[in-house]
Amino acid sequence: TIGFAPYGHLWRNLRRFTTLEIVSTAKLNMSMGIRNEETRSLVKSLYQLQSPTRNFVKVEMKSRVSDLSFNIIMRMVAGKRYFGDGVEDTGEAMKFKEIIRDIFELSEASNPGDFIPILKWIDFKGFEKKLIVLKEREDSFLQRLIDEHRNRTGGETKTMIDSMLALQEAEPENYSDEIIKGIIVVYV
């Protein structure tokens, strides 16, 4: 990823890609429709919770705003929604939810082996093993997304993955699947 790449040709390519294809004003303006649709969807789901007998209904907003953010990001990255109303509960959506949950759980935890090196050798509480398993699940999920976009036909909307796959055809050494997955992880 751009944060860990040494300064040079690869770093300049990744920086150019992220500034032009992800965080540029033009790209953000192009994604305004996605943001508007997802916000409307959230407001609609909140309106449907309204009770005819009461004016106010208590609603837990933390998960709804989180779902809104992930849907916006995933629609920009992969072109599909994963959370909330109107999403069929496929195994893929559930796997994505589990991966995100596990990433947050493990990022909150500290590894005792970082403080006491001997504990790292014996993998105290299995922290290293959990990280390896999570990385494999995340890698498998992202590779399926990339393969799905690579094998797709038709004039569907252009996503971030589509842009990176087009660059991969032109410069395969600078945009390998691993680099594409790294960029997705950084921005998701």
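1. A residue counts as exposed when its relative accessible area is over 50%, and as buried when that value is under 20%. Keep those two cut-offs in mind while looking at this model, which is a predicted one.

2. Start with Trp-121, which sits in helix α6 (residues 117-121). Its relative accessible area is 73%, so Trp-121 falls on the exposed side of the over 50% cut-off. Trp-121 also has company: together with Phe-115, Ile-116, Ile-118, Ile-122 and Phe-124 it makes up a nonpolar surface patch of about 750 Å² accessible area.

3. Now look at Glu-138, in helix α7 (residues 127-151). Is Glu-138 buried or exposed? Buried: its relative accessible area comes to 13%. Setting aside neighbours within four places in sequence, Glu-138 touches Ile-99, Ile-103 and Val-185. Val-185 is 47 residues away from Glu-138 along the chain, yet their C-alpha atoms are 9.0 Å apart.

4. Helix α3 (residues 32-48) is worth a quick length check. Its 17 residues, at 1.5 Å a residue, should span 24 Å, and the end C-alpha atoms are indeed 24 Å apart, so the two agree.

5. Which residues of α3 are buried? They are Ile-34, Glu-38, Leu-42 and Ser-45. These cover an arc of only 70 degrees around the axis, which means they share the same side of α3. The spacing fits a general rule: an α-helix has 3.6 residues a turn, so residues three or four places apart point the same way.

6. What about the other face of α3? Turned away from the buried side are the exposed residues Arg-40, Val-43, Lys-44 and Tyr-47. The buried residues, for their part, are covered by elements including α4 (62-77).

How values were computed
Residues numbered from 1 in each chain as written. Predicted model: local features only at pLDDT ≥ 70, side-chain atom pairs only at ≥ 80, totals over all residues. Heavy atoms only, no water. Patch = residues over 30% accessible without salt bridge, like charges linked within 9 Å, V, L, I, M, F, W, Y side chains within 5 Å. Areas by Shrake-Rupley, 256 points an atom, 1.4 Å probe, with all protein chains shown as cover. Salt bridge = Lys/Arg side-chain N within 4 Å of Asp/Glu carboxyl O. Helix = DSSP H or I, 4+ residues; strand = E, 2+ residues; numbered from the N terminus. Buried < 20%, exposed > 50% of the residue type's maximum accessible area, 1.4 Å probe, protein only. Contact = heavy atoms within 4.5 Å. Expected span 1.5 Å × (residues − 1). Arc of directions from axis to C-beta.
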